[in-house]
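Here is a friendly walk through a protein model, meant to be read with the structure open beside you. Take a moment to turn it around on your screen before reading on.

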Amino acid sequence: AYVVTEACVKCKYTDCVDVCPVDCFHEGPNFLVIDPEECIDCTLCVPECPVEAIYPEDDLPADQQAFLGINAELAREWPVISAKKDPLPDHEEWAKVKDKRHLLEK
Ligand code: SF4
Ligand code: F3S
């Protein structure tokens with residue numbers, strides 16, 4: 001499955017959602033996750049993300065490994081999002097911030 005990582009936090013551009021053929025994105029207050037049970041590894045979402053937040057699970061950067069479990073866990077709790085919406089306010093500023101996983105709201 002593909003995994004949404006830290007770069008998405010407080011940006012939530014949602015361009016990824018529009019291309020997913022199986023609606024496996026789930027939405028929280030300031031982050032999206034991919035349901036690993038539903039993702040068919042089509043790769044379409046990867047180039048859509050302006051902050052390059054999406055990785056295949058086998059190619060997750062070492063410092064992003066925790067997001068494997070975070071995606072699986074929160075996909076069970078959060079509702080599906082199937083259409084693009086406006087990104088969060090200040091998304092351009094937050095796109096430059098690397099260390100922001102502690103700001104992920106559940
Ligand atoms: Fe959806 Fe394909 Fe991305 Fe998986 S890889 S989340 S199926 S767009
Ligand atoms: Fe997040 Fe990138 Fe999608 S910022 S909402 S993973 S387009």
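The report below goes from the overall fold to the core, one helix, the ligand shells and a few single residues.

**Overall fold**

Please keep in mind that this is a predicted model. The protein has three helices and four strands, and from the N terminus on these elements follow the order β-α-β-β-β-α-α. Along the principal axes, the C-alpha atoms fill a box of roughly 30 × 30 × 25 Å. A compact globule of 106 residues would have a radius of gyration near 13 Å, and the 12 Å of this protein agrees with that. Of the 106 residues, 32% count as buried. Among contacts with a separation of 6 or more, 80% are between residues 24 or more positions apart.

**The nonpolar core**

The largest nonpolar core has 27 residues, and those that touch the most other members are V4, C8, C16, V33, I34 and I54. At least two residues of this core come from each of β1 (2–4), α1 (15–19), β3 (32–34) and α2 (66–75). The largest share, four residues, is supplied by α2.

I34 is a good residue to click on if you want to see how this region is put together. Leaving out residues up to four places away in sequence, I34 touches A1, Y2, V3 and V4, as well as C24, F25, C39, N71 and A75.

**Helix α2, seen from both sides**

Which residues of α2 are buried? They are F67, I70, N71, L74 and A75. Viewed down the helix axis, these buried residues fall within an arc of 115°, so they line one face of α2. The face turned away from the buried side carries G69 and E73, which are exposed. On the buried side, the cover includes β1, β2 (25–27) and β3.

L74 shows this in more detail. This residue lies in α2 and counts as buried because 21 C-beta neighbours lie inside 10 Å, where 20 or more are needed. Apart from neighbours within four places in sequence, L74 is in contact with H26, G28, V33 and K106. V51 is 23 residues from L74 along the chain, and their C-alpha atoms are separated by 21 Å.

**Around the two ligands**

Ligand 1 has 13 residues around it, and Y2, C20, C39, C42 and C45 come nearest. By class, this shell divides into 11 nonpolar residues, one polar and one charged.

Ligand 2 is surrounded by 14 residues, the closest being C8, Y13, C16, C49 and A53. Its shell has 10 nonpolar residues, one polar and three charged. Two names here may already be familiar: C8 and C16 are also among the core residues that touch the most other members.

**Lysines and an aspartate to look at**

Are the charged residues below buried or exposed? The table gives the C-beta neighbours inside 10 Å for each one.

| Residue | C-beta neighbours within 10 Å | Status |
|---|---|---|
| K10 | 22 | buried |
| K12 | 24 | buried |
| D23 | 13 | partly exposed |
| K98 | 8 | exposed |

K10 sits in the loop between β1 and α1. Leaving aside neighbours within four places in sequence, its contacts are N30, L88, W94, K100 and L103. The C-alpha atoms of K10 and C24 are 20 Å apart, with their positions 14 residues apart along the chain.

K12 is found in the loop between β1 and α1 as well. Its phi is near 50°, a positive value in a residue that is not glycine. D23, in the loop between α1 and β2, also has a positive phi, of about 50°, and is not a glycine either. As background, most residues other than glycine have a negative phi.

K98 belongs to the segment after α3 (91–94). Why does K98 count as exposed? The reason is that 8 other C-beta atoms lie within 10 Å, and a residue with 12 or fewer is exposed. K98 and E6 are 92 residues apart along the chain, yet their C-alpha atoms are separated by 7.7 Å.

Definitions and conventions. Residues numbered from 1 in each chain as written. Chains lettered and ligands numbered in written order. Predicted model: local features only at pLDDT ≥ 70, side-chain atom pairs only at ≥ 80, totals over all residues. Near = placed C-beta within 6 Å. Nonpolar A, V, L, I, M, F, W, Y, C, P; charged D, E, K, R; others polar. Core = buried A, V, L, I, M, F, W, Y, C linked by C-beta atoms within 7 Å. Contact = placed C-beta atoms within 7 Å. Rg over C-alpha atoms; globule rule 2.2 N^0.38 Å. Arc of directions from axis to C-beta.
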